[in-house]
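Here's a quick briefing to read alongside the viewer. Have the structure open and follow along topic by topic.

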Amino acid sequence: MGANASAMPGEPNGLMRPKLEDIPESCMALVLSYLDPPEIAKLARINRAFRAAASADFIWVPKFPSNYNFILSKLPDQGLITMDKKDIYARLCRPNSFDGGTKEFWIDKTTGGTYLSISSKAMAITGIDDRRYWNHIQTYESRFQTIAYLQQIWWVEVNGDLEFQFPAGTYSLFFRLQLGRVGKRLGRRVCNLDNVHGWDVKPVQFQLSTLDGQHAVSQCTLDNFGNWVHYHVGDFVVEDPNALTKIKYSLTQIDCTHTKGGLCVDSVLICPKSLGKELFFVDEPYKK
């Protein structure tokens, strides 16, 4: 009996058909490095060979944003630095709180673009300490679990500032607002509009400025009854990714001929302009 007698069908001369596991792990990792993170994750679920190759640090390091070290320094848990790069990337794709839980950042899982959200509690709101005018309300519809709700006031002014290191690029800034107080009745979402007034008389003015002289102004009449809306304030450009970008932003309606009420201020969102275009004008309630 010759060697051919023991050959398996379709395998001449008794040679074993190559398996995926026979490819060197370094070669597989090199191929994976050319893919986007979601594609790598899909292949890693196919078998253990891809899963092992996907853990190579050199795959993930080029996919980190340029402000990688800066955002890691903002995290309360510095133990993250010792983790594998794949696990760090996965962690950064989820919201990460800093500054006492008043701010969150995360990166887009496909592009690595930086998102930043700022709670209303991190802003200076005129009259916020007087409960006749404003209240902080707990709600599941905010990623920060709390919003600022306006009862009634003549002078509406919300100011904020930020110092953050962004990768180079163009960014958009939005205020997330809603008219009407949302609650639950019999397990269903309801919105009380009884206190909403004054927003159809004059538009709200939004402003954005940076320390290097960039400035944007926009106006809008608020009419988003019962729906969260991202109102576009303006755009700014970051040229030096190694420098801190200093931003000031505001929302004002200071016409004192009439009172205003029923406004919910949730947060400010900053994201790459290209990704900001994907925001729906009418937003869904936030869900963790």
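Contact here means heavy atoms within 4.5 Å. By that yardstick, Asn96 touches Leu75, Arg91, Lys103, Glu104 and Phe105, leaving aside residues up to four places away in sequence. Keep in mind that this is a predicted model.

**The chain overall**
- The chain has 7 helices and 16 strands, and 44% of its 288 residues count as buried.
- Take the contacts between residues at least 6 apart in sequence: 68% of them join residues at least 24 apart.
- About 15500 Å² of the chain is exposed, with carbon and sulfur atoms supplying 53% of that.

**Asn96**
- Asn96 sits in strand β1, which covers residues 96–98.
- With a relative accessibility of 2%, Asn96 counts as buried, because the cut-off for buried is under 20%.
- Its side chain has polar company: the side chain of Arg91 makes a polar contact with that of Asn96 at 2.9 Å.
- There's also the backbone oxygen of Arg94, 2.5 Å from a polar atom of the Asn96 side chain.

**Helix α2**
- Pro37, Ile40 and Ala44 are buried in helix α2, residues 37–44.
- These residues span an arc of only 60° around the axis, so they end up on the same side of α2.
- The cover over the buried residues of α2 includes α1 (25–32), α3 (48–53), α4 (57–60) and α6 (85–92).

**Nonpolar cores**
- The largest nonpolar core runs to 62 residues, and those with the most contacts inside it are Leu92, Phe166, Phe175, Leu177, Trp199, Ile247 and Ile270.
- A second, separate core has 6 residues, among them Trp106, Phe174, Cys271 and Leu275.
- Not counting residues up to four places away in sequence, Trp199 touches a list of partners including Leu150, Val156, Leu179, Gln253 and Leu263.

**Aromatic pairs**
- The count comes to 15 aromatic pairs.
- One of these is Phe98 with Phe164, a tilted pair at 6.1 Å centre to centre and 35° between the planes.
- Phe98 belongs to strand β1 and Phe164 to strand β7 (residues 156–164), so the pair ties together parts 66 residues apart in sequence.
- Phe98 is buried at 3% relative accessible area, and Phe164 is buried too, at 0%.
- Phe166 and Phe236 pair edge-to-face, 5.8 Å centre to centre with 70° between the planes.
- That pair links distant parts of the chain, 70 residues apart: Phe166 is in the loop between β7 and β8 (169–179), and Phe236 is in strand β13 (residues 228–238).
- Both Phe166 and Phe236 are buried.
- Phe70, Phe98, Phe105, Phe164, Phe166, Tyr171 and Phe236 make up one aromatic cluster.

Definitions and conventions
Residues numbered from 1 in each chain as written. Predicted model: local features only at pLDDT ≥ 70, side-chain atom pairs only at ≥ 80, totals over all residues. Heavy atoms only, no water. Helix = DSSP H or I, 4+ residues; strand = E, 2+ residues; numbered from the N terminus. Buried < 20%, exposed > 50% of the residue type's maximum accessible area, 1.4 Å probe, protein only. Polar contact = N/O pair within 3.5 Å; in protein donor to acceptor, adjacent residues only side chain to side chain. Arc of directions from axis to C-beta. Core = buried A, V, L, I, M, F, W, Y, C linked by side-chain atoms within 4.5 Å. Areas by Shrake-Rupley, 256 points an atom, 1.4 Å probe, with all protein chains shown as cover. Phe/Tyr/Trp six-rings, centres within 6.5 Å; stacked < 30°, edge-to-face > 60°.
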